[in-house]
Every structure is written in structure tokens, then in C-alpha cells.
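Good morning, everyone, and thank you for making room for this on the agenda. Please keep the picture open while I talk, and follow along as I go from one part to another.

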Amino acid sequence: MTKTESGERPARLHLLGALCLTDAEGRDFTPKSRKAQALLALLALSPRGTRTRIWLRDKLWSESDEGRASGSLRQSVYELKGALKGIDAGILTTERNALGLDLDRLWVDLRAIREGGGALPAGVDPDADLLEGFDISDEEFEDWLTLERSAWERLRETLTAAPPVAVDAPAPPEAPAPRRMPRVIEIGLLPGIVHGGLRSGAFIGDYIIESVARALLDYHPVQIVDLREAGEAEPRPGEPDFLIRTRTLVVGDTASVSFLVYENGTNTLVLSQSMQTRQKDFYEDEFALTNQFVAQNVDHLAKIIGGTRDGPSGIRNDYSALIGYGVLAGMFDLDPGRMRATTEALDRLNERTENSLFPSLGAYASSFALGENIGGWDRARRERTEALAMDLLQANPFNSIALACIGHVMGFVLDRHDIAADIFGRAVRLNPMQAFVWDHLALHELYCGDLDRARAASDRAVNLGKYSPISYTYETTACMVATLSGDHARAVALGRRALLKQPRFNAAMRYTLAALGHLGDRAAAHALGAELLRLDPGFGDRETREMRFRLPCREASAHVLEGIERAGFRGGRT
């Protein structure tokens with residue numbers, strides 16, 4: 001079916017004025033990329049709505065070689081298909097050598113004027129310029145656009161010579177509906193800038209930018225568009241929402257690298273972070289220093305994306321952007337109402353998409369509620385969580401955050417530490433710059449009694465997660481490891497640091513209290529114990545205290561319980 005029951009074509013393309021693609025009700029489906037918009041315009045104004053791929057490549061990527069131009073064309077076709085899918089996927093036809101638009105399915109304002117013998121459809125402004133403000137910086141396209149604008153000028157002169165006559169065509173909305181809120185933030189990877197040491201400098205830059213992209217993808221959903229092979233030398237308006245690149249300077253044994261983020265709509269530099277060190281330090285200890293720089297920039301960029309609202313660029317963040325960040329921050333807010341809302345949001349997202357992250361976060365939310373004593377935990381809930389975790393494990397997810405969530409459920413909730421060990425190993429290999437993964441590996445090693453390995457993993461998590469919105473959780477794990485290792489002064493310092501950021505974090509309070517007890521600081525222990533009892537009144541009961549710690553190693557459990565008793569908790573309250 002090519003038209004609606006009323007005879008109206010379902011898709012409407014406005015080329016006079018700013019390019020705008022809408023459905024029959026005026027909802028905006030305009031492609032975000034300028035190249036995808038240009039491709040749509042080239043096809044819409046072609047004689048039969050069809051052009052060869054070679055002709056299109058020559059108009060849009062005239063300065064690129066054939067391979068790069070072909071790849072760029074495929075990317076633009078993909079973007080255009082995505083936009084048209086929301087209206088009528090059959091509008092765009094793709095063949096091996098040509099692309100075309102089904103003009104029986106697509107109303108185009110300028111074609112409607114020409115096909116109507118020069119009559120002006122209602123709602124079309126004859127004073128509007130063709131593709132107003134359109135610029136993609138390609139001379140071949142600019143030449144084509146100049147010719148089309150000249151043709152429109154000649155046609156406009158005939159329209160103004162006599163009063164416009166309304167034609168029997170469906171009137172478009174007086175003004176296009178506001179642009180839909182994008183469901184996915186797009187990040188474009190620009191070619192790195194390298195000064196000196198070209199080979200090593202290019203490798204360092206590529207490693208950093210690709211690692212940032214991979215880490216962001218773990219938190220879903222962002223779309224990564226690699227522009228490094230598409231001849232995109234400088235950021236330009238109208239393509240991905242944000243553009244990222246590196247600048248590397250190598251002088252002798254010293255390398256300096258900068259990570260840059262541009263808001264593409266305004267070409268504004270919104271983030272610039274740099275580090276300088278010896279070249280070999282970039283590679284040592286499994287890229288530990290470099291991964292710390294990567295994680296720092298991932299967290300900075302995530303905050304920029306999470307805080308994006310309507311602005312000059314037109315970028316707007318919606319509920320699903322970087323959902324992993326939002327959900328985890330919501331859990332650790334420690335509010336039962338927000339926890340329920342978080343769980344419900346995950347359930348809805350899980351119904352809409354087949355992404356392993358959402359059900360994994362749902363299973364993790366259950367384990368977190370158990371650890372922080374938020375809501376009830378019964379046999380039925382345990383069985384549901386176990387079934388979900390096993391299903392996810394069978395699905396073999398390739399997402400380090402999802403794997404860390406499943407590993408934690410397997411170990412902490414289900415006591416399957418053998419399975420958890422394998423899962424955490426996979427998670428770390430998939431993405432070694434995720435603080436969340438290292439932190440939960442540290443918890444796993446702690447539960448298994450290997451405090452040296454727990455300390456190493458925890459230290460890495462704290463270093464990687466310094467700028468994370470849940471950095472206090474990593475400091476809490478380090479506090480737990482220090483307490484069980486007998487380094488009580490360090491445990492208190494870490495616990496207090498965590499509690500400054502999240503004063504209601506029960507795990508940090510419990511282990512800090514135990515460390516204070518071992519240090520003999522009764523005054524500080526009394527104040528902290530009173531606050532803990534206010535938040536968790538059941539903690540005054542010894543059996544409840546033992547359940548709260550959930551340590552499988554008897555010696556470890558005895559150590560923290562002894563510290564709690566020294567802090568003033570014996571049979572009952574302080």
C-alpha cells in the first residue's frame with residue numbers, strides 16, 4: 001500500500017527551507033547526519049528518484065578514494081534506512097549499482113510544485129530557499145546544489161508572476177513538529193592528530209579512543225560511528241552528537257596524549273584531558289596507567305552525555321542513554337522507592353530490547369537489595385534470581401558489565417564461587433578498564449579468602465573509578481579488604497571517604513565500625529554505631545549482624561564480629 005486510506009502519502013519531504021522529513025501527522029523523522037540528508041535530497045530531486053552509486057559517491061565524497069567513499073555511502077544508506085523505517089521502510093530501494101526512492105510513497109514539496117504545473121501546494125512558502133543553510137563541504141555537491149537552486153529561482157519567478165493556485169494535494173502541517181528526542185546518542189571517532197613518533201603515537205591514540213568507545217558501549221546504548229577512514233578531517237555540524245579524537249606528541253622517550261570531545265552541533269570543545277609520561281609507561285602492567293586515563297575520560301564523557309539537554313546543537317538525552325550509569329547510580333542511592341523504580345525501568349527495557357545488560361542489571365539489583373537489606377528476600381525471589389542468572393549465562397553475553405553482574409549473583413547470592421571465578425575472568429578479559437568489573441572481582445576474591453588478590457583487584461578498581469558516580473562503592477570494597485587484612489587505619493580512612501560521598505551506605509558503615517573497634521576508638525565507633533542502628537535497627541541483634549556480613553570464611557567473619565564487639569556491640573545495642 002503506497003498511500004493512507006485518505007489517499008495521503010505516509011511520508012513528506014520538505015526541501016524548501018530547512019530539510020525536514022515527516023510522516024503524515026507531522027512527526028519528524030529527519031536523518032541526523034548531514035550526509036544522509038544530502039543523500040535523500042539527491043535522490044528526491046533526481047529525474048526518476050534514482051541515481052547510481054557511483055554518481056552519488058562522486059557528489060558526496062569526491063575527494064575520497066573509491067573504497068572509503070563506498071564505505072561512507074553504505075553508512076549513510078544505513079542511517080537513511082533507519083530514519084525511513086519509522087514511516088515506511090519501502091520508500092528506499094537499494095540495488096547493487098543504484099539507489100532509489102519510491103516517489104509514489106513519498107511526497108516532495110518541490111516535485112509537487114513541478115508536477116502541478118507550477119501551482120503552489122497549500123502551506124509551502126514560495127520565498128523559502130532550497131535546502132536553506134545546507135553545507136557538507138564537498139565541491140561536487142555544492143555545484144549540484146547551485147544548479148538546483150538556480151532552477152528553483154526560475155520556477156519561483158513564474159510562481160510570483162500570478163497568484164498561487166492551491167492544488168488538490170494534502171496540506172502539510174503549518175510547521176514541522178519538534179524534532180523527536182533521539183533514543184541513542186551518537187559518538188563519532190575522528191582521526192587522531194600525531195606529532196612525532198608517528199607509529200607509536202598513532203597506536204597510543206587509537207588504543208585510547210577505541211577503548212573509550214568500547215567502555216561506553218558496555219553501558220548501552222550509544223552508537224559509535226567510525227569516521228577515521230572516511231576522510232573526515234574536522235568536526236562539522238549535523239553528523240554525530242559528539243566527536244572524539246586524540247592528539248599525541250612524541251619527543252624522544254616522552255609521550256603526551258590529549259583526549260578531546262566536541263559537541264558537534266556547535267563545534268564546541270567540551271572536554272580536554274591530557275597525560276604525559278614515558279612511552280613505555282603506556283604499555284607496562286597490562287596498560288594499567290593508560291586504562292586509568294581511559295576510565296577517567298569515559299566517566300567524564302558519561303557525565304556530559306547524562307547532563308545533555310536541549311541546546312544549540314539540538315542534542316537531547318533521553319531515559320535510555322547510558323542506562324547502565326543511571327541504573328547503578330539509582331541502586332546505590334539506597335532509597336527503596338528509587339530501587340523499585342529502577343527495577344521497573346529495567347523490566348520495561350528488557351521487554352523492548354534483546355540486550356543482555358538489562359536483565360543482568362535486574363539480577364544484580366536483587367543481589368544488591370539483599371546486601372543492603374532493601375526490601376524482602378525469600379526463597380521464591382532467590383529461585384527467580386538464580387533462574388535468570390543461569391539463563392543469562394547460557395546466552396553467553398559479550399558485555400563486561402553484564403558478566404560482572406551475573407558473576408556477583410552467582411557468588412554472593414548463590415554461593416557458586418567456582419562459576420563466578422570463570423565469569424569474572426571473562427569479564428576482565430573483555431574490558432580491563434571497567435572499574436565496576438575489577439571491584440566485583442575483588443569482592444569475589446574477598447569472599448573466597450584470597451585477600452592479596454582481592455587487594456590487587458580493589459586497588460585497580462579505585463584507581464580506575466576515581467571519577468565514577470559510584471566511586472564510593474569501590475572505596476568501600478577497599479575498606480572491606482583492609483579491615484579483613486588487619487590494616488585498620490587504612491580501612492577507616494577509606495570507609496570515611498566513602499561515607500562522605502554516600503552517608504547511608506551500610507556496607508561502608510559496618511566495616512568502618514569493625515575497624516574502629518579494632519583500633520580502640522570507642523568515641524568514633526559509638527557515633528557511627530548509633531547512625532548504623534538508625535538506618536538498620538536489626539543490626540543490634542547478633543544473629544542479624546552475622547547475616548549482614550555474609551562471609552563464607554569463618555576466620556574473616558570472626559574478625560569483623562570481634563571488631564564490632566570491641567566497638568561496643570555485644571549481645572544487644574551499643
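Before I begin, one term: when I say that two residues are in contact, I mean that they have heavy atoms within 4.5 Å of each other. Please also keep in mind that what you see is a predicted model.

With that term in hand, let us take R48, which is found in the loop between α1 and β3. Which residues is R48 in contact with, leaving aside its neighbours within four places in sequence? They are L101 and L103. In the case of L103, the two residues are 55 apart in sequence, and yet their C-alpha atoms are 8.0 Å apart in space. R48 itself is exposed, because its relative accessible area is 68% and the cut-off for that word is over 50%.

Let me now step back to the chain as a whole. It has 574 residues, of which 53% count as buried, and it is built with 21 helices and 12 strands. If we take the contacts between residues at least 6 apart in sequence, 65% of them join residues that are at least 24 apart. As for the surface, the chain exposes about 25,500 Å², and carbon and sulfur atoms supply 49% of that area.

Next comes a sheet. Strands of a sheet pair through backbone hydrogen bonds, and they can do so either parallel or antiparallel. The sheet I have in mind is open, has three strands in the order β3-β5-β4, and is paired in the antiparallel way. Why is one side of β3 and one side of β4 left without a neighbour in the sheet? The reason is that β3, residues 50-52, and β4, residues 92-94, stand at the edges, so each has a single partner strand. On average, and with direction ignored, neighbouring strands here are turned by 15 degrees against each other. Looking at one pairing in detail, β3 and β5, the latter being residues 98-101, run antiparallel and are joined by three bridges. R51, for instance, has L99 in β5 as its bridge partner.

Two helices pack on this sheet. Helix α1, residues 34-44, touches β3, β4 and β5, and its direction makes about 75 degrees with that of β5. Helix α2, residues 53-60, also touches β3, β4 and β5, and its direction makes about 80 degrees with that of β3.

A third helix, α3, covers residues 66-85 and holds S76. Is S76 buried or exposed? With a relative accessible area of 3%, S76 is buried, since the cut-off for that is under 20%. Setting aside its neighbours within four places in sequence, S76 is in contact with K35, A36, L39 and W61.

Moving along the chain, we come to L131, which sits in the loop between α4, residues 109-115, and α5, residues 139-160. The phi of L131 is near 50 degrees, and this is a positive value in a residue other than glycine. At 0% relative accessibility, L131 counts as buried.

Now for the aromatic rings, where the count comes to five pairs. In one of them, F134 and F141, the ring centres are 5.8 Å apart and the planes lie at 40 degrees, so the pair is described as tilted. Both F134 and F141 are buried, and together with W144 they form one aromatic cluster.

Finally, I would like to go through three helices of 14 residues. Helix α13, residues 417-430, should span 20 Å at 1.5 Å a residue, and its end C-alpha atoms are indeed 20 Å apart. Its buried residues include I419, I423, F424 and V428. Helix α15, residues 451-464, reaches 20 Å from its first C-alpha to its last, which is close to the 20 Å expected. Among the buried residues of α15 are A454, A457, V462 and L464.

How many of the 14 residues of α16 are buried? The count is 14 of the 14, so α16 is largely enclosed by the rest of the structure. This helix, residues 471-484, should span 20 Å, and its end C-alpha atoms are 21 Å apart, which agrees. After α16 comes G486, whose phi is positive, near 85 degrees.

Thank you for listening, and please ask about any part you would like to see again.

Methods. Residues are numbered from 1 along each chain as its sequence is written. This is a predicted model: local features need pLDDT of at least 70, side-chain atom pairs count only at pLDDT 80 or more; totals for chains, interfaces and linings use all residues. Side-chain values use heavy atoms; hydrogens and water are left out. Two strands pair if DSSP finds at least two bridges between them. Helices (H or I, at least four residues) and strands (E, at least two) are DSSP runs, numbered from the N terminus. Axes are lines fitted to C-alpha atoms, for helices over the stretch in contact, and angles run from 0 to 180 degrees between N-to-C directions. Buried means under 20% relative accessible area, exposed over 50%, partly exposed in between (1.4 Å probe, protein chains only). Accessible areas come from the Shrake-Rupley method with a 1.4 Å probe; for residues, only the protein chains shown count as cover. The expected span of a helix is 1.5 Å times one less than its number of residues. Rings of Phe, Tyr and Trp (its six-membered ring) pair if their centres lie within 6.5 Å; planes under 30 degrees apart count as stacked, over 60 as edge-to-face and the rest as tilted.
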